[in-house]
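Biologist: Please take a close look at the aromatic pairs in this model and at what surrounds them. I would like one connected account that goes from the rings to the chain contact and the elements around it.

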Amino acid sequence: MRRGDPVRLTCDGESVEAYEGETVASALLASGRRRLRTSPRRGDPRGLFCVMGVCFDCVMTIDGQAGLRACVTQVHDGMSVETGVSEHHD
Amino acid sequence: MTDAPNEGDLTEQELTDVELLVVGAGPGGLCAAIEAVRAGVDVVVLDDNPRPGGQIYRQMPASFTREGGARRGSAHDEGARQGFGHGASTRSGKKVRAGQALLDEARAAGVVVSSGSTAWAMFDPGVLEVVTGDRNHRVRAQRLVLATGAYDRPVPLPGWTLPGVFTVGGAQGLLKSQRLLVGQRVLVAGVGPLLLVVAGQLAEAGAEIVAVVEPVSRLDTLGLLPALLREWRITREGLGHRWSLARRRVPWLGRSMLVRVEGEENVERAVVADVDSDWQVVPDSTRTFEVDAVCLGYGLVPSVELATICGCPLRFAPETRSWVPARGADLQSGAPGAPGIFVVGDCAGILGAQAAAVEGRIAGLTIARDLKRLEPARADRLLQPYLERRAELERFGHALHRAFELRPGLTSLAEADTVVCRCEEVTLAEVDEAIDEGADTPGQLKAWTRAGMGSCQGRMCASFLMERLASRLGRSLEEVGYLRTGAPAKPIISLESVSRQ
């Protein structure tokens with residue numbers, strides 16, 4: 001099995017290698033990053049949970065837009081991703 | 001939540017008329033579409049994932065290709081840590097082939113799936129609002145098939161919000177669709193058939209499973225043997241995984257439950273305790289495992305949000321402790337004032353992929369008959385074997401539910417400071433305080449504490465809130481009712497841009 005073409009993203013300014021077809025969540029998990037955000041009320045570390053787009057725990061700021069789910073967002077070359085305090089806003 | 005967009009903006013948009021609209025491209029939706037398309041019905045299938053197949057037949061992205069050997073020289077391929085380097089096992093291969101066979105059948109029949117489309121509301125009877133990308137479409141259908149599936153039952157316990165805690169469905173999806181392992185040292189805890197399947201798949205892909213932890217005893221599952229033998233084609237996959245776990249000497253801890261997850265930034269330790277036959281924790285019986293991931297699997301909860309939005313009345317299903325759309329023998333819901341709405345698959349009750357496929361075919365054939373594309377006599381002849389098979393699968397499913405029935409101790413794991421609403425970070429203590437002060441329905445708890453008000457629309461907490469209300473008030477689960485949700489069926493991030501158009 002071969003993944004797609006390699007792409008590069010930055011996470012909090014650090015370079016992360018990824019592959020076309022991966023989700024942001026997968027790319028970050030593969031690079032050893034499990035903490036994807038900090039919860040707003042209690043400051044708890046949060047990451048993936050349901051990995052199917054229903055729990056909204058994995059929301060991150062992606063290419064400047066806050067509250068996007070990492071597990072359903074596909075990577076593209078040059079994407080920038082930030083952890084930090086994040087919650088989904090409708 | 002923002003307000004729904006101005007209805008005036010939407011109702012001025014053009015309507016697309018279709019004969020049959022199917023929501024969900026898992027086995028249920030695909031089979032309904034296949035039968036209807038074959039009979040000449042005009043069908044549109046919507047699915048909100050990037051590729052069809054639902055959860056059970058989750059596909060890899062188009063850009064991943066099946067070739068020999070894994071990509072070398074990156075974090076993705078370090079040994080067994082996050083890679084999946086050695087090809088699918090025969091058992092996983094079988095499932096992949098079954099999924100591929102269904103997708104091939106759908107393609108051959110001429111079924112077209114609109115992927116990345118989310119049906120989110122019904123403002124006018126029979127008209128579904130659908131978002132694809134950042135555009136809203138309105139689709140008016142003569143018949144509707146809802147095949148929206150299910151999601152893992154969330155079980156609050158101390159530490160469950162730590163990064164590294166996954167649902168078994170999530171771990172399986174990550175493996176199937178992204179070829180990644182959730183961790184290197186994994187503890188799998190839960191109950192039911194999916195547990196062993198996923199533990200086996202993770203082990204076969206190279207994870208070290210430190211233990212499989214289940215509250216049932218071996219004796220509990222013995223009574224299942226006749227049912228398991230009758231449906232041996234379905235059960236052999238699970239048995240195969242059980243064997244591959246045994247071969248790897250993975251400890252199976254019966255009469256045990258995961259009671260706490262510990263760690264600073266991520267999961268570091270999993271604490272397991274003995275439980276009694278009611279799944280209540282036996283004091284001073286804990287042992288601790290060093291892990292980097294935990295998978296929780298305590299069954300599935302039907303996704304009924306779209307069905308309720310469409311006006312389908314719900315009934316309480318005691319076998320899964322959840323609320324599901326009420327249906328007639330032809331799988332049609334009793335929604336008043338709405339066109340024929342058929343509800344199939346796990347969203348109507350957790351009976352598994354085979355049952356979903358059979359129900360899909362029943363719905364598709366029935367709709368073809370209703371729309372006069374199939375003669376009634378011919379339709380009935382085609383329906384008969386599916387109806388019989390459905391009855392068999394329902395009996396089988398209920399036998400599984402009885403054997404793996406959730407017991408009271410499951411909802412006693414959360415402690416006062418445990419977050420029970422993940423989105424709004426509401427603790428058990430706050431929920432209990434509200435109940436003691438008079439909140440006696442899930443809706444009141446939501447208004448009181450904000451539990452259920454967050455992004456997930458209560459999917460991650462409603463089941464627990466219902467159980468907590470029932471146990472604290474001494475009422476039945478059915479009496480306390482369910483958390484009512486309105487549109488949107490799923491949060492639509494791009495809705496703001498829709499309303500501005």
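Modeller: In this predicted model, 4 aromatic pairs are found over all chains. One of them joins A:Phe49 and B:Trp160 edge-to-face, with 5.6 Å centre to centre and 90° between the planes. This pair crosses between chains: A:Phe49 sits in the loop between strand E4 (45–46) and strand E5 (59–62) of chain A, and B:Trp160 in the loop between strand E7 (150–152) and strand E8 (165–167) of chain B. Both A:Phe49 and B:Trp160 are buried.

A second edge-to-face pair is formed by B:Trp120 and B:Phe123, at 5.6 Å centre to centre and 80° between the planes. B:Trp120 has a relative accessibility of 1%, so this residue counts as buried. B:Phe123 is partly exposed because its relative accessible area is 25%. Ring pairs also link B:Phe316, B:Trp323 and B:Tyr482 into a cluster.

Charged side chains lie over two of the rings named above. B:Arg422 is placed over the face of A:Phe49, 3.8 Å from the ring centre. A:Phe49 therefore has two partners from chain B described here, B:Trp160 through the ring pair and B:Arg422 through the charge over the ring face, given that a charge sits over a ring if CZ of Arg is within 6 Å of the ring centre and within 35 degrees of the ring normal. In the cluster, B:Arg484 lies over the face of B:Tyr482, at 4.5 Å from the ring centre.

The crossing pair leads to the contact between the chains. Chain A contributes 43 residues to the contact and chain B 62 residues. Between them, chain A and chain B bury about 4,800 Å², and 51% of this is on carbon and sulfur atoms. There are 4 salt bridges between chain A and chain B. Among them is the one in which the side chains of A:Arg41 and B:Glu430 meet, at 2.7 Å from N to O.

On the chain A side, the loop that carries A:Phe49 is followed by strand E5 (59–62). From E5(A), A:Val59 and A:Thr61 point one way, A:Met60 and A:Ile62 point the other way, and all are buried. E5(A) runs antiparallel to strand E6 (residues 65–69) of chain A, and 3 bridges join them. A:Val59 has A:Arg69 as its bridge partner in E6(A). The hairpin of E5(A) and E6(A) has 2 residues between the strands, and A:Asp63 there takes a positive phi near 50°. E5(A) also pairs with strand E7 (residues 79–82) of chain A, again in the antiparallel sense, over 2 bridges. In that pairing A:Thr61 stands opposite A:Glu82 of E7(A).

On the chain B side, the loop that carries B:Trp160 lies between E7 (150–152) and E8 (165–167). Helix H4 of chain B spans residues 168–178, and 11 of its 11 residues are buried. The buried residues of H4(B) include B:Val168, B:Gln172, B:Lys176 and B:Gln178. After H4(B) comes B:Arg179, with a positive phi near 55°.

Technical notes. Residues are numbered from 1 along each chain as its sequence is written. Chains are lettered from A and ligands numbered from 1 in the order in which they are written. This is a predicted model: local features need pLDDT of at least 70, side-chain atom pairs count only at pLDDT 80 or more; totals for chains, interfaces and linings use all residues. Side-chain values use heavy atoms; hydrogens and water are left out. Buried means under 20% relative accessible area, exposed over 50%, partly exposed in between (1.4 Å probe, protein chains only). Helices (H or I, at least four residues) and strands (E, at least two) are DSSP runs, numbered from the N terminus. Rings of Phe, Tyr and Trp (its six-membered ring) pair if their centres lie within 6.5 Å; planes under 30 degrees apart count as stacked, over 60 as edge-to-face and the rest as tilted. Two strands pair if DSSP finds at least two bridges between them. Contact means heavy atoms within 4.5 Å. Buried area is the accessible area (1.4 Å probe) that two parts lose on being put together, summed over both.
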